[in-house]
Amino acid sequence: MDLLDKLNWRYAAKAMTGEKVSEEKIARILEAARLAPTSSGLQPFEIIVVKNQAIKEAIRPIAWNQSMITDCSHLLVFAAWDTYTEERINKMFDLTNEIRGFKNEGWEAYRQKLLSFYPQQDAEENFNHAAKQAYIAFSAAIIAAAYEEVDSTPIEGFEPEAVDKILGLREKGLRSTVLLPIGYRDTEKDWLVNLVKVRKSTEDLVTVIE
Ligand SMILES: Cc1cc2nc3c(=O)[nH]c(=O)nc-3n(C[C@H](O)[C@H](O)[C@H](O)COP(=O)(O)O)c2cc1C
């Protein structure tokens, strides 16, 4: 299968078998998320990988009782920074300097520009911006899972504050944004598995300006 075949094969699985996904495949899916682009390269989020069954059981009732939460192999929680701070911005710019092995005037000026802007901005606005970046990595993970021929279900249907409490995210300056159970589709139990994928036409989606 080429990539588009795999993306056609992918769907938002509504039932999973509980079968474990290999750690090699999970590592490749997480690496795709790590490699995702983000605004200013700040990567303002973390990914929590829940393998613990008791924690999955605790999350299920506050996620519309969706069975994929407990019947997946690994539950990925994309948690965005609750705000941008000087410390967080400096850490990423310092990391760039360390990895590239040099300091650059233009880059340092850009650091100052971000420092003069984000930390002064409303925390909620900063979180919303950070959450958008988390969604980019989330999307990369979904595509990578399909590439690995592993199922996943994007999930926004949950109570973020309750998930934050269970995982102790607020204390770490994080807020849960979106969930991604990863596992294998249960073809016997899933009502969606044989239904045709529905998408609007390319003409309705894309406008080409010559
Ligand atoms: C951000 C986001 C949140 C979603 N939340 C849920 C969810 O809570 N539960 C669910 O069963 N599906 C959820 N979905 C799946 C969508 O309904 C599904 O992707 C869409 O209908 C297209 O179908 P397909 O992914 O099967 O091709 C979500 C999808 C996205 C992208």
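How far does a backbone N or O atom of A12 lie from an oxygen atom of the ligand? That is my opening question today, and I shall answer it shortly. Please keep in mind throughout that the structure shown above is a predicted model.

The answer is 2.9 Å, the distance from a backbone N or O atom of A12 to an oxygen atom of the ligand. A second polar approach involves K197, where a polar side-chain atom lies 2.5 Å from an oxygen atom of the ligand. At E156 a polar backbone atom is found 3.0 Å from a nitrogen atom of the ligand. How much of the ligand is buried by the protein? Taken alone, the ligand exposes 620 Å², and the protein buries 66% of that.

Let us now consider the residues around the ligand. There are 13 of them, and those that come nearest are R10, A12, Q66, K197 and R199. By character, this shell divides into six nonpolar, two polar and five charged residues.

I turn next to the chain as a whole. It contains nine helices and four strands. Reading along the sequence, one meets them in the pattern α-α-β-α-α-β-α-α-α-β-α-β-α. The C-alpha trace spans about 60 × 50 × 30 Å along its principal axes. Of the 210 residues in the chain, 45% count as buried.

My next topic is the aromatic rings. A pair of aromatic rings is described by the distance of the centres and the angle of the planes. How many aromatic pairs does a search of the whole structure find? It finds eight. Let us take F93 and Y110 as an example: their ring centres are 6.2 Å apart and their planes meet at 50°, so the pair is tilted. This pair links distant parts of the chain, as F93 belongs to helix α5, residues 86-100, and Y110 to helix α6, residues 105-115, with the two positions 17 residues apart in numbering. Are these two residues buried or exposed? F93 is buried, because its relative accessible area is 0% and buried means under 20%. Y110, in contrast, has a relative accessibility of 31% and therefore counts as partly exposed. Elsewhere, W81, Y84, F117 and Y118 form one aromatic cluster.

Aromatic rings also meet charged groups in this model. The charged end of R175 sits over the ring of F127, at 3.7 Å from the ring centre. In a similar arrangement, the charged end of R185 sits over the ring of W9, 4.0 Å from its centre.

R185 has a further partner, which is D151. The side chains of R185 and D151 make a polar contact of 2.8 Å. D151 is found in strand β3, residues 151-152. With a relative accessible area of 2%, D151 is buried. R185 is thus placed over the ring of W9 and in polar contact with D151.

Finally, let us look at L195. Where is the place of L195 in the chain? L195 is in the loop between β4, residues 174-183, and α9, residues 202-205. Its relative accessible area is 52%, so L195 counts as exposed. Measuring from C-alpha to C-alpha in the model, L195 and E108 are 53 Å apart in space, and they are 87 residues apart in sequence.

To close, I return to the ligand: A12 approaches an oxygen atom of the ligand through its backbone, whereas K197 does so through its side chain.

How values were computed: Residues are numbered from 1 along each chain as its sequence is written. This is a predicted model: local features need pLDDT of at least 70, side-chain atom pairs count only at pLDDT 80 or more; totals for chains, interfaces and linings use all residues. Side-chain values use heavy atoms; hydrogens and water are left out. A residue is near a molecule or strand if one of its heavy atoms lies within 4 Å of it. A polar contact is a pair of N or O atoms within 3.5 Å; within protein, one must be able to donate a hydrogen and the other to accept it, and residues adjacent in sequence count only if both atoms are side-chain atoms. Accessible areas come from the Shrake-Rupley method with a 1.4 Å probe; for residues, only the protein chains shown count as cover. Ala, Val, Leu, Ile, Met, Phe, Trp, Tyr, Cys and Pro count as nonpolar, Asp, Glu, Lys and Arg as charged, and the others, Gly among them, as polar. Rings of Phe, Tyr and Trp (its six-membered ring) pair if their centres lie within 6.5 Å; planes under 30 degrees apart count as stacked, over 60 as edge-to-face and the rest as tilted. Buried means under 20% relative accessible area, exposed over 50%, partly exposed in between (1.4 Å probe, protein chains only). A charge sits over a ring if NZ of Lys or CZ of Arg is within 6 Å of the ring centre and within 35 degrees of the ring normal.
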